[in-house]
Amino acid sequence: MSFYPLNLKKYEREGNKIFPILQLDRLVGLLRFDKEVIINLAKHAGQYYKPFDRKKFGTKKWRHIDNPTGLLKAVQNRIYGNILSRIVLPDNIIGGVKGKSIKDNAAFHIGKNELVTFDIRNCFPSIDNKKIFSIFRSGLGCSSEVATILTQLTTFQTRLPQGASTSLTLANLSLLPIYEEIGPWMKKADFDYSFFVDDIAVSGVNARSCIPVVVRAVQSNGYAISCKKLKIMPSNSHQEVTGVVVNKKEALSRSKINAIRKSIIVLSERQDQITQGDLNSVYGKINYVSTISKVKAAVLEKFAEKLLPAKAKEIRKFKIDETQKCNCAKRHKVDFLKKPQLQNKTIVSRTVE
């Protein structure tokens, strides 16, 4: 069994401490569900997933979603809200943290001499149930019984599931040892660095010197860097972090704005042939622009409404993601789809300690 190297209790929210959770009754009190329901749900958690692939609104890339449902989803929401949310992560861990966005991530790297970005390859599939157990057992000091049940409730097919409310926080905790390992070196080198879940960005004078340090830390903690996605960006070139240009200030490139305008014009020339997917794409891009500049987004939206009058109002009815049966369906066995009868069990109301 892997051993989690950090004491996470130092990250616990002041004045609201709950760790360690040593007794199952205490966990039941925190989750406010009947003990029998929690125990049985943990044993059969895999039967509450309905995997699919999703193409996020306004994008072209399909992503796999494990999709917890029903009672399991409700329990995971309680685990996040009543347990995991008590942990306060460092300021420059951005992704998956409530109230933080790609704009906050970009703010660390504006106007820097050099920017280097890394991507941890196959991050979620690399976080297995042993690592999650170790977080609860070694990192948070839970008893083996409690850590086992929490692991069963937050993992799927021996890995961290994509789409669960608990997964982003657990991914951040899994990668926190990397953050802690490179931190002293970054401070000494006077580099700024940030984590957006599996995306790591480092900036400063000669930031490329950090590459062996980051790669070594990532590998020593059981992960790997995607060589194809490793980027070195000096100040005289285009510098971008999680989709935001950071050469002088947070911005979207003029070429990207012009490309959106052009796509609107192209659509306007074939009004009768516009599809829902076409509109999803255009308005999805405008929504993305709004995360960086609401002014530019408003200008683009007004432009779209002017050229696409027949369709502009309709788009608000179907700003939805596209979904399809996942391509990896063969690995999802039939027994995962047959649920035990647990939903009708009484939920016991208890005060969260």
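This passage describes aromatic pairs, charges over rings, a buried asparagine and helix packing in a predicted model.

Local features of this predicted model require pLDDT of at least 70 and side-chain atom pairs count only at pLDDT 80 or more, while totals for chains, interfaces and linings use all residues. Residues are numbered from 1 along each chain as its sequence is written, and side-chain values use heavy atoms, with hydrogens and water left out.

A search of the whole structure yields four aromatic pairs; rings of Phe, Tyr and Trp (its six-membered ring) pair if their centres lie within 6.5 Å, and planes under 30 degrees apart count as stacked, over 60 as edge-to-face and the rest as tilted. One of these joins Tyr-179 and Tyr-193 in a tilted arrangement, with 5.3 Å from centre to centre and 35° between the planes. Tyr-179 belongs to helix H8 (residues 167-189) and Tyr-193 to strand S4 (residues 192-196), 14 residues apart; helices (H or I, at least four residues) and strands (E, at least two) are DSSP runs, numbered from the N terminus. Both tyrosines are buried, a term for under 20% relative accessible area, with exposed over 50% and partly exposed in between (1.4 Å probe, protein chains only). The ring centres of Tyr-179 and Phe-195 are 5.6 Å apart and the planes stand at 75°, so this pair is edge-to-face. Phe-195 lies in strand S4, so its pairing with Tyr-179 in H8 ties together parts 16 residues apart in sequence. Ring pairs thus link Tyr-179, Tyr-193 and Phe-195 into a cluster.

Charges also sit over rings, meaning that NZ of Lys or CZ of Arg is within 6 Å of the ring centre and within 35 degrees of the ring normal. Lys-131 lies over the face of Tyr-223, at 3.8 Å from the ring centre, and the charged end of Arg-261 is placed over the ring of Phe-303, 4.1 Å from its centre.

Asn-105, in helix H4 (residues 102-107), counts as buried at 1% relative accessibility. Apart from neighbours within four places in sequence, the contacts of Asn-105 (heavy atoms within 4.5 Å) include Ser-194, Phe-195 and Phe-196.

In helix H7 (residues 144-154), the buried residues include Val-146, Ile-149 and Leu-150. Among the elements covering the buried residues of H7 are helix H1 (24-31), helix H2 (35-43) and H8. Between H1 and H2, Leu-24, Asp-25, Val-28 and Leu-31 of H1 meet Lys-35, Ile-38 and Ile-39 of H2.
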